[in-house]
Structure formats: C-alpha cells, structure tokens
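Please open the model in your viewer and keep the sequence panel visible. The tour below proceeds from one selection to the next.

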Amino acid sequence: MKILKNIVNCFAFIFTLTACHPSEEISFSMDPVENVEALWQAIDTKYCYVESKGIDWQAIHDEYITKAALLKKDDPVTLFDLCAAMLDSLHDGHVNLYSDFDRSYNTAWYDNYPANYDSHLQSLYLRDYRIAGGLYYCTIDGGKIGYIYYNSFSNSFSSSNMAWILASFADCRGIILDVRNNGGGDITNAYRLAAPFFSKSQTIGYWHHKNGPGHNDFSPMEEMRLDASLSGGLKWNKPVVVLCNRRSYSATNLFVSMMRYADLSTIIGGVSGGGGGMPMSYELPCGWMVRFSSVRMYDREKKDIEAGIEPDVLVTMQSSDKDDIIEKAIELIHHATKQK
Amino acid sequence: MLKRIAVIVVLFCLVGSVAANEDLEHTNILKIRLGWNYQLDTYISPLAYNGMLIGIGNEWWQPFRQDTRLGRTGRLAHWAHVGRLDVRGFSQVNSARSNKIYGLGLSGGWGAFYYWQWFDNRLKVFVGPYMETEFGARYLVSNVNKPLSLDIAVDVMAMGGLSWSFYGKKTSYRLNYQIRTNLIGFDFMPDYWESYYELEEGIRGTARCSGHWNHHTIKHELALDMQFPHSTWRVGAEHEYLNYGTGDLHFVRNQISIVIGCIWNYRIKANKRL
C-alpha cells in the first residue's frame with residue numbers, strides 16, 4: 001500500500017507542477033482600462049496600416065485610456081461605444097468590433113463619394129434576367145451586349161455557372177461586368193470570376209502579412225498569381241467592361257485591380273472603395289472580437305490598393321432616367337468592336 | 001553508456017523487420033478517454049479555452065524477439081517495446097463564453113524499454129526512449145480569415161514507469177504508473193498572421209529544433225488493470241501537459257482524462273505476423 005500511496009503522490013505532484021498557466025494568457029475581465037489597453041495593443045502590434053496611414057496611435061492611446069478610466073465597470077454598452085470610437089479613427093471598413101449586442105463599423109471610406117449606383121436605374125437594364133450561382137445576367141442593347149451583376153463575392157458560383165453565362169453571350173460583342181455596391185467576400189470567387197478573361201496565368205499582385213509587433217514588421221512579399229485554368233477552359237476573347245464605384249470594396253477592390261491586367265478589359269465608374277488590407281480577428285479580455293486589416297495587398301506594380309483603384313474611364317452618374325455608367329460601357333464596347 | 005545507446009538504436013532499426021521464429025506474448029489495450037481540456041493558442045486567441053474531450057486509443061506492449069542475432073546473445077532478455085495510436089476530439093469555450101474552438105488531435109508513438117523485475121516479478125520498473133509524433137488542428141468558430149491553427153511536433157522522449165501486481169480472491173490486479181517527457185525533437189507552427197488564403201498557397205511558419213529549453217511535454221498515467229476470469233479491464237487517469245512557443249506565439253495544453261480500457265493478452269505464434 002505504501003508503493004500505491006507513493007505513486008498517487010507522485011502523480012499529484014507532477015500535476016501540480018504543470019498546472020500553472022503562462023503569462024501570455026489574458027484572463028476574462030470587463031475592466032474598461034484593461035479592455036481599451038488590450039484593444040490598443042492589438043491594433044498597435046497587429047494592424048498593418050498604423051505607419052502608412054500616418055496615425056498617431058500613441059496619442060489615441062493617451063486620449064482613450066483617460067476616458068476609459070472614468071467608465072464604470074458594469075456598463076458594457078458605454079465601453080463598447082468608447083472602443084468603437086477609438087477604432088473609428090482608423091477610417092477602415094475592415095475594422096469592426098463585435099459583441100453580443102452590437103457591431104461597430106466605419107463608413108468614412110465611402111461617405112464623401114458619389115453613389116454612382118441606383119438600383120432603380122439599374123433595373124431598366126437588368127430585366128428578364130437569370131441567376132446562375134450568385135451571378136445575375138441578361139443581354140442588353142438588343143442582345144448585342146451581355147450584362148452580369150454580381151452583388152457579393154460571398155455568393156459562390158461554379159465554373160459550370162460561368163459556362164452557361166458565357167455560352168448565352170456567345171453572339172454578344174462584349175460583356176459588362178457590374179460589381180458596383182459589391183462589398184466583397186471570398187477572394188477565391190474574385191479569382192474564379194476573373195479567370196475566363198485572362199488568356200494565360202500571370203502575376204496580378206503581391207501581399208505580405210504582419211509577422212511581428214513593430215509597425216513595419218512584415219513577411220517578405222509573396223506573389224499573387226491568377227491561374228487561368230481556374231475557368232475550366234472557358235475563355236472570353238471579346239471586350240469586357242468592369243463597372244465599379246466607391247462601395248466596390250475588399251475582395252471586389254482586388255477583383256477590379258486584377259481585371260486591369262485582363263486581355264480586353266476596361267474599368268469604368270468611380271474610384272473603387274479600397275479595403276486592400278485583408279482582415280483578421282482577435283479577442284479582447286471581455287470576449288469581444290475585433291476585426292482589423294493585417295495583410296497588405298498590392299497591385300502588380302507593387303502599389304498599395306488600400307485606398308482604391310482609379311478607373312480607366314471616370315464616369316459619374318448624373319442622369320435621372322438612365323444609368324450613365326452602363327451607357328458609357330455600352331458605348332465603349334461598340335467603339336472597341338468597330339475598331340476591330 | 002555508449003554501448004547501451006548503440007543497443008537502443010539497433011532496436012529501433014530492427015523492430016518489425018525480422019522473421020518470427022518464436023511465440024511472443026502480446027498485450028493490446030483499447031482505450032476510450034473522457035476528460036477536461038485547457039488550451040491556450042495565441043495564434044488564434046489570447047484567451048484560454050476550456051472544455052470536454054473525448055478520444056479513443058490503442059496501446060500495445062510486446063517483448064523483443066529473442067531469435068534475432070542480437071537476441072541470441074541474451075542482450076534483449078529484458079527489452080520490450082510499446083506502441084500507441086490516439087485520436088481525440090474536443091470542444092471548448094472561452095472564459096467569456098463568447099467563442100468556441102473545435103479541435104482534433106492525432107498522436108502516434110513507439111518506444112523500447114529495459115525492465116527490471118523483483119518480488120517474484122510482481123514489481124516491474126522500466127525506462128527507455130520513446131518517439132512520438134503529434135498533430136493538432138483547431139478551428140475557432142468566430143474567426144476571420146484565419147480559422148485554423150495547425151501544429152506538428154515530433155519528439156524523442158524519455159519514458160519510465162513501474163507496475164505492481166497483487167491478487168484478490170478472484171481477481172488479479174496490476175497498478176501501473178508511466179511517465180514520458182520530451183528530450184529533443186522538432187515542432188512546427190504556421191506564421192503568425194498568415195491568412196488561410198496564403199496558407200492555401202503553401203504553409204510558411206516556424207519549424208525548429210525543440211528541447212527542454214523551448215518545449216515542455218509531460219504525459220503520465222496512473223491505471224489499474226483488473227483481470228477477471230474472462231476479461232481484463234483497465235481504469236485510470238491520464239494527465240498531459242504541453243507548452244511551447246516562439247515569439248508572440250504560444251501554445252499550452254493541459255488535459256486530464258479518465259481512461260477505461262479493455263485488455264487482450266495473446267500469443268503470436270511462430271512464423272506468423274500480426
């Protein structure tokens with residue numbers, strides 16, 4: 001029995017030795033100062049644009065820590081609003097704070113830009129449409145031009161969907177690919193949508209991610225390649241005009257950026273929304289989740305795409321009875337086919 | 001000392017590669033485990049997660065064959081080997097109860113040991129090297145663009161233990177205690193803020209040599225085997241502690257589980273393989 005007792009004691013001793021937790025762990029806390037500090041630290045060490053946006057993040061720390069010290073511990077709503085206000089100073093649509101009762105968001109990136117989209121005017125063109133996956137499509141201008149509207153890169157589609165669409169546009173002179181008010185989604189869908197318009201695989205940009213706490217700590221730049229075979233052999237050899245506006249954001253911004261390198265493409269409309277920083281998430285001591293950009297994306301010339309993409313042809317909608325951007329796209333396709 | 005290390009290396013190389021010309025006693029234990037799991041993975045969250053785990057595993061023990069060139073010299077007289085294969089799944093929630101992790105762990109290992117016996121073979125003490133590979137995948141439910149954390153660790157460990165057999169009126173018992181701790185190895189973690197889009201194009205991360213200076217693993221088990229007239233069962237408790245990291249990345253796992261196992265003892269006939 002003595003041996004048994006010794007064995008059990010040994011087991012208990014080793015268990016006790018290993019039961020202490022490391023210092024990296026943060027414990028659950030609703031303390032306002034602790035949470036504001038953790039949020040500030042997360043952005044300071046993990047957000048990829050602190051330096052390039054010229055934000056005085058230290059001054060923001062001083063301002064908000066002082067405000068947090070005045071808050072009560074049992075008032076999560078006020079704490080949430082304070083944290084949201086601090087994040088708002090980043091002017092980034094990819095920055096959000098999620099709690100059980102609210103989600104913060106920033107609209108500064110599109111507030112002062114023309115809308116360049118009117119669903120009522122669009123419906124004058126998008127009539128008798130079909131829906132393949134997440135893509136709405138029809139022909140316009142008497143069947144001479146194919147029109148595709150894609151409102152979210154979160155809505156998936158297959159190469160079979162694309163095959164049907166392109167087959168139905170076989171007699172058209174060109175395609176209008178409308179991604180206005182598309183707030184982004186899955187980057188994989190951006191590559192898949194672009195692939196039929198590329199005759200060969202090529203570099204469409206670069207990216208690198210934060211890999212250390214310093215504002216300029218990034219991994220080496222990695223090439224982003226568009227694989228032309230993603231289209232499953234489908235190719236579109238006629239003009240394609242991409243329509244974008246300021247609310248073409250995130251994955252849509254990347255799509256617009258890569259479509260500039262497609263064979264017969266033209267980008268028209270307004271400046272795209274940007275959101276070239278791929279978001280990640282992290283948790284605060286109170287359990288709220290913060291989303292922020294941590295991967296920077298660049299175009300093929302290594303120019304940052306966070307601020308948006310300038311279109312080849314800048315068009316601002318002014319008419320009340322027609323969609324000026326679609327009309328311009330029709331004109332461009334006819335012009336291109338006449339030249340040919 | 002060098003001679004003993006050479007014997008161990010040869011044993012690692014020879015296992016399973018020799019023809020069987022003798023009967024061998026083989027012990028197989030099929031185990032299920034149910035337990036509690038604490039985890040900190042700063043790759044996906046700075047908050048610790050706790051929850052339940054469930055797993056199944058197989059463990060086998062077998063003496064080395066004595067009819068090999070080495071065996072005939074008598075050098076393998078007190079040598080045996082052990083192998084393990086484990087699968088476990090777990091679900092955990094953070095202390096704020098605002099997020100969940102689902103995980104899957106796979107581990108497999110093999111080791112050789114030298115044993116001593118006393119008191120009519122009732123007390124057995126053993127020590128030896130053990131090699132283990134662990135793979136873990138964790139999925140954080142409300143995560144953005146970095147939903148999975150993967151890690152791989154390969155360790156050469158030191159293994160030791162003892163068992164004490166005693167007898168009741170109708171039942172024989174054997175109390176076992178085993179412990180393993182890492183000596184040297186290799187571990188891998190993906191690069192810190194790499195998105196899963198980047199991971200798809202090739203995982204970049206930290207792969208490094210590990211040892212007690214940067215990686216701590218302790219696994220130990222206390223179990224009681226009960227031999228009834230027609231079956232043998234094991235009940236016990238297992239505790240595993242794993243702690244390693246680099247830079248801002250830190251991974252800690254602490255888990256305790258109750259183990260119930262069914263034991264088969266059988267004899268492998270000469271010239272037959274398992």
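Begin by selecting chain A: among its contacts between residues at least 6 apart in sequence, 71% join residues at least 24 apart. Two residues are in contact here if their C-beta atoms, placed from the backbone, lie within 7 Å. The model is a predicted one, in which local features need pLDDT of at least 70 and side-chain atom pairs count only at pLDDT 80 or more, while totals for chains, interfaces and linings use all residues. Residues are numbered from 1 along each chain as its sequence is written, with chains lettered from A and ligands numbered from 1 in the order in which they are written.

**The whole of chain A**

Keep chain A selected and rotate the view. Its C-alpha trace spans about 95 × 55 × 35 Å along the principal axes. The radius of gyration of chain A is 25 Å, whereas a compact globule of 340 residues would have one near 20 Å; the radius is taken over C-alpha atoms, and the globule rule is 2.2 Å times the number of residues to the power 0.38. Colouring by secondary structure shows ten helices and twelve strands in chain A. These are DSSP runs numbered from the N terminus, helices being H or I of at least four residues and strands E of at least two.

**Strand S11 and its partners**

Next, select residues 289-299 of chain A, which form strand S11. Why is S11 of chain A largely enclosed by the rest of the structure? Ten of its eleven residues are buried, so the surrounding structure largely encloses this strand. A residue is buried if 20 or more other C-beta atoms lie within 10 Å of its own, exposed if 12 or fewer, and partly exposed in between, with C-beta atoms placed from the backbone.

Add strand S10 of chain A, residues 277-283, which runs antiparallel to S11 and is joined to S11 by seven bridges. Two strands count as paired if DSSP finds at least two bridges between them. S10 and S11 of chain A form a hairpin with five residues between them, and A:Gly287 in the turn has a positive phi of about 95°.

Now select A:Val290 in S11: A:Tyr282 is a bridge partner, and so is A:Leu97. The strand S1 of chain A, residues 96-98, pairs with S11 in the antiparallel sense over three bridges.

Finally, select strand S6 of chain A, residues 202-209, which pairs with S11 in the antiparallel sense over five bridges. Here A:Gly205 has A:Asp299 as its bridge partner in S11.
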